[in-house]
Amino acid sequence: MDRAERAVRKQRKKEERARRRAAREPSILVQEFWNLPNMLTLGRIVLIPLFVWLTYEADPLDSLLAAAVFAVAAITDIVDGYLARRWNLITVVGKFMDPLADKLIAMAALVMMVRLGRIAAWVVIVLLAREFIVSGLRTIAASEGMVIAAGQEGKWKTSLQLVGIISLCVHYEHWVDMGVYAAPVNFNKVGQVLVYLSGAFSVWSAVVYFRAFLSMLARRGGGGGEQKA
């Protein structure tokens with residue numbers, strides 16, 4: 001077999017492999033990834049470097065822009081969840097990425113607020129510890145085929161934390177005119193109060209989660225179920 005014939009055979013094999021790759025069905029995870037809710041979730045993760053950059057020096061303008069970026073991320077969190085339920089696009093990828101994106105951007109925001117001296121470090125430690133504890137309990141519960149559902153106190157914690165972080169991002173005193181009332185507002189003080197309240201709700205919700213987890217273990221032998229927390 002001469003060199004030219006070997007080259008032709010090699011080229012044919014390459015073309016055959018290329019045809020097989022083109023005809024191959026994409027994996028289930030790849031198919032699930034490419035939908036609008038998951039793209040919005042990915043967008044929240046992509047916003048994190050921009051947010052960190054805006055909060056690095058954090059002059060008044062950058063602080064407002066950082067608050068706007070965080071607010072956009074919070075809104076997309078609501079929108080992607082609504083679209084996933086409305087269009088029946090709840091996927092394994094989405095279940096992993098959505099809480100991950102929420103925790104990453106919240107963690108980045110809280111760490112940057114500590115760096116800027118806008119919030120006490122111990123509050124952030126409490127909030128992050130709560131997330132690790134609850135995530136661990138949920139993982140163990142899932143391994144036992146049980147679900148610990150989010151309770152009202154957890155939703156209050158999330159709402160207070162999000163609004164508090166936005167206020168901390170704004171930070172500076174701005175004149176606020178609400179029609180019937182106009183006055184300068186110290187957004188850092190407002191944000192601190194809200195984040196402290198979210199810390200209290202975090203501790204409360206962690207206790208409720210732990211009690212629900214213990215209750216779940218106590219009745220594990222009696223069959224599966226769902227505990228509210």
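**Figure 1. The S2–S3 hairpin in the predicted model.** In this predicted model, strands S2 and S3 pair in the antiparallel sense. S2 covers residues 173-177, and S3 covers residues 182-186. Five bridges join the two strands. One pair is Val 176 with its bridge partner in S3, Ala 183. Four residues separate the strands of the hairpin. In the turn sits Gly 179, with a positive phi of about 90°.

**Figure 2. His 171, ahead of the hairpin.** His 171 lies in the loop between H7 and S2. Its phi is positive, about 65°, although His 171 is not a glycine. Is the residue buried or exposed? His 171 is partly exposed: its relative accessible area is 22%, and the cut-off for buried is under 20%.

**Figure 3. Asn 88 in the loop between H4 and H5.** The loop between these two helices holds Asn 88. Here too a residue that is not a glycine has a positive phi, about 55° for Asn 88. The relative accessible area of Asn 88 is 67%, so the residue counts as exposed, the cut-off being over 50%.

**Figure 4. Pro 37 in helix H3.** Pro 37 is part of helix H3. With a relative accessible area of 3%, Pro 37 is buried. Arg 85 is 48 residues away along the chain. The C-alpha atoms of Pro 37 and Arg 85 are separated by 9.6 Å.

**Figure 5. The largest pocket and its lining.** The volume of the largest pocket is about 1700 Å³. Its lining counts 49 residues. Which residues lie nearest the centre of the largest pocket? They are Asp 98, Pro 99, Asp 102, Lys 103 and Arg 138. Five helices appear as elements that give two or more residues to the lining: H3 (36-57), H4 (60-86), H5 (92-115), H6 (121-143) and H7 (152-170). H5 gives the most, with 13 residues. By class, the lining has 25 nonpolar, eleven polar and 13 charged residues.

**Figure 6. The largest pocket between two domains.** Where does the largest pocket lie? Domain 1 spans 28-116, and domain 2 spans 119-222. Both domains give residues to the lining, so the largest pocket lies between them.

**Figure 7. Spans annotated as transmembrane.** An unreviewed UniProt entry carries the annotation "transmembrane region" for residues 33-52, 64-83, 104-129 and 193-214. Two of these spans are described here. Residues 64-83 are 100% helix and 0% strand. The end C-alpha atoms of that span lie 28 Å apart. Residues 104-129 are 81% helix and 0% strand. Their end C-alpha atoms lie 14 Å apart.

**Figure 8. The whole chain, for orientation.** How many helices and strands does the protein have? The count is eight helices and four strands. From the N terminus on, the order of elements is α-α-α-α-α-α-β-α-β-β-α-β. The protein has 229 residues, and 34% of them count as buried.

Notes
Residues are numbered from 1 along each chain as its sequence is written. This is a predicted model: local features need pLDDT of at least 70, side-chain atom pairs count only at pLDDT 80 or more; totals for chains, interfaces and linings use all residues. Side-chain values use heavy atoms; hydrogens and water are left out. UniProt positions are given in the numbering used here, feature names are shortened, and annotations may be inferred rather than shown by experiment. Two strands pair if DSSP finds at least two bridges between them. On a 1 Å grid over the protein atoms alone, a cavity is a set of points where a 1.4 Å probe fits but cannot get out, and a pocket is an open set with protein on both sides within 12 Å along at least five of seven lines; lining residues have an atom within 4 Å of a point. Grid points are joined across faces, edges and corners, and a volume is the space filled by probe spheres set on the points. Ala, Val, Leu, Ile, Met, Phe, Trp, Tyr, Cys and Pro count as nonpolar, Asp, Glu, Lys and Arg as charged, and the others, Gly among them, as polar. Domain bounds come from an automatic or database domain assignment. Buried means under 20% relative accessible area, exposed over 50%, partly exposed in between (1.4 Å probe, protein chains only).
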